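Thank you for making the time this morning. I would like to walk you through one model, going from a single hairpin out to the whole chain.

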Amino acid sequence: MKNLLLAAPLALAFFGPAAHAQTAPAAPYHLLNTINIGGEGGWDYLKVDPAGERLYVSHGTRVEVVDLKTRKLIGTIMDTPGVHGIEVVPGTNRGYITCGRNNTCVVFDVKTLKPIGAPIPTGPKPDALLYDAYSKRIFIFSNDGGKSTVLDAKTGAIVGAAELGGDVEEGVSDGHGTIFVNIENKSEIVAFDAKTLAVRHHYPLAPGEEPTGLAYDAKTNRLFSGCANEKLVVTDSKTGKQIAVLPTAKGTDGTGFDPATRNIITSNGSGTFTVLHEDAPGKYAVVGSVATARGARTMSIDPKTGHVYTVTADYGSTPAPTTENPRPRPSIVPGTFRVLEFGR
């Protein structure tokens, strides 16, 4: 996902009426807990494992593991340089981690948090990854060039490569043999076969630009693409028809969908969640904006509780531009890395 550091947002009020799920927009979310992790380094994805009641959080060169019952850090998976995505495969005791600095995927034991075998070579810039229960495969999406590595989820063996023709961001499965991915540099969704890996469709996302986060509603066959130009684009997964374009906020990166409430949420690096509601398959409304924190640009929803998790840290000064680094990022204050837990 994008590694954006943005200016602090203005204070944003919660608004929108409380309501029962699927009848009217649900009440916006509020901060329930702050889980302090500390240490140094940047971040990207975080992932809820509902079966294990854990939260896996990318953190520079390692993955932090949080117990969701106690909200305590219970372990760290080391040696994951440039970690981006984490995925746990149900019933296998295996997890997978993409490492962007050395173009590998680390397989780990869920119980011991130790590596299983040597890192697996991937395509360039491995970023998001997806476990598909239909094909029982792990799809590792390359954010450079479109060659994405596909693994057997039980063994970690490479079974193929999907040629997706662009810089691939997040993906979702329809559960019936089709994988959908955002192509960031072409502003489109590519649909491809989970077993043959053949591309089936290209769905344009304009006026959305640089799509990153992607979520899916299996009930209505709707795809939700969070785009960098402050838009959420809703697409019919069967036809590719564009259903709606809605406003989000500066720094939109992550996107999630909660089928229990019919809420779509984007996490925005400027320091907000945008909460939208699916009133009907063709009708969507912005419920409100929830203040999070500057830099909280990725998210994960717990399907058991509906709680939404995001991650950030405090920022220090920004170095002066140089020829080698004309756009320096602000420094990260050591010891301030934390998870924010939101609920309704």
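**A hairpin and what surrounds it**

Let me begin with β10 and β11, which run antiparallel and are joined by 5 bridges. This is a predicted model, so please hear everything that follows with that in mind. Within this pair, Y131 stands opposite I138 of β11, and the hairpin leaves 4 residues between the two strands, where K136 takes a positive phi near 55 degrees. As for how covered this part is, 7 of the 7 residues of β10 are buried.

That brings me to the packing. Which residues have the most contacts inside the largest nonpolar core? They are F139, F141, L164, I179, V181 and F192, in a core that has 17 residues. The elements that give two or more residues to this core are β10 (126–132), β11 (137–142), β15 (178–183) and β16 (188–193), and the largest share, 3 residues, comes from β15. In soluble globular proteins, nonpolar side chains tend to be buried together.

If you would like to click on one residue here, I would suggest L164, which, leaving aside its neighbours within four places in sequence, is in contact with F141, G146, S148, V181, I183, V190, F192 and V199. There is also a second, separate core of 15 residues, and among its members are L46, L68, Y309 and V339.

Now to the charged pairs. The structure holds 11 salt bridges, and I will take a few of them in turn. K47 forms one with E87, the closest N and O atoms being 3.4 Å apart. Because K47 lies in strand β2 (residues 46–49) and E87 in strand β6 (residues 83–89), this pair ties together parts that are 40 residues apart in sequence. Are the two partners buried or exposed? K47 has 30% relative accessibility and so counts as partly exposed, whereas E87, at 6%, counts as buried.

In a further salt bridge, the side chains of D193 and R200 meet at 2.4 Å, N to O. D193 has a relative accessible area of 14% and is therefore buried, while R200, at 41% relative accessibility, counts as partly exposed.

The pair of D236 and R222 also forms a salt bridge, with the closest N and O atoms 3.0 Å apart. Here D236 sits in strand β20 (residues 231–236) and R222 in strand β19 (residues 222–227), so the pair ties together parts that are 14 residues apart in sequence. As to accessibility, D236 is buried, with a relative accessible area of 13%, and R222 counts as buried at 9% relative accessibility. Elsewhere, D44, D253 and R297 are joined into one network by salt bridges that share partners.

Let me return to the strands for a moment, since β6 has just come up as the home of E87. How are β6, β7, β8 and β9 arranged? These 4 strands form an open sheet in the order β6-β7-β8-β9, and the pairing is antiparallel. The edge strands are β6 and β9 (120–121), each of which pairs on one side only. Inside this sheet, strand β7 (residues 94–99) and strand β8 (residues 104–109) run antiparallel and are joined by 6 bridges, and the bridge partner of Y96 is V107 in β8.

Finally, the chain as a whole. There are 0 helices and 28 strands. For 344 residues, a compact globule would have a radius of gyration near 20 Å, and the value for this chain is 19 Å, which agrees. Taken along the principal axes, the C-alpha atoms fill a box of roughly 50 × 45 × 45 Å.

Of the 344 residues, 57% count as buried. The chain exposes about 14000 Å², and carbon and sulfur atoms supply 53% of that area. As for the contacts, among those between residues at least 6 apart in sequence, 46% join residues at least 24 apart. I will stop there, and I am happy to take questions.

Methods: Residues numbered from 1 in each chain as written. Predicted model: local features only at pLDDT ≥ 70, side-chain atom pairs only at ≥ 80, totals over all residues. Heavy atoms only, no water. Salt bridge = Lys/Arg side-chain N within 4 Å of Asp/Glu carboxyl O. Buried < 20%, exposed > 50% of the residue type's maximum accessible area, 1.4 Å probe, protein only. Core = buried A, V, L, I, M, F, W, Y, C linked by side-chain atoms within 4.5 Å. Contact = heavy atoms within 4.5 Å. Pairing = 2+ DSSP bridges. Rg over C-alpha atoms; globule rule 2.2 N^0.38 Å. Areas by Shrake-Rupley, 256 points an atom, 1.4 Å probe, with all protein chains shown as cover.
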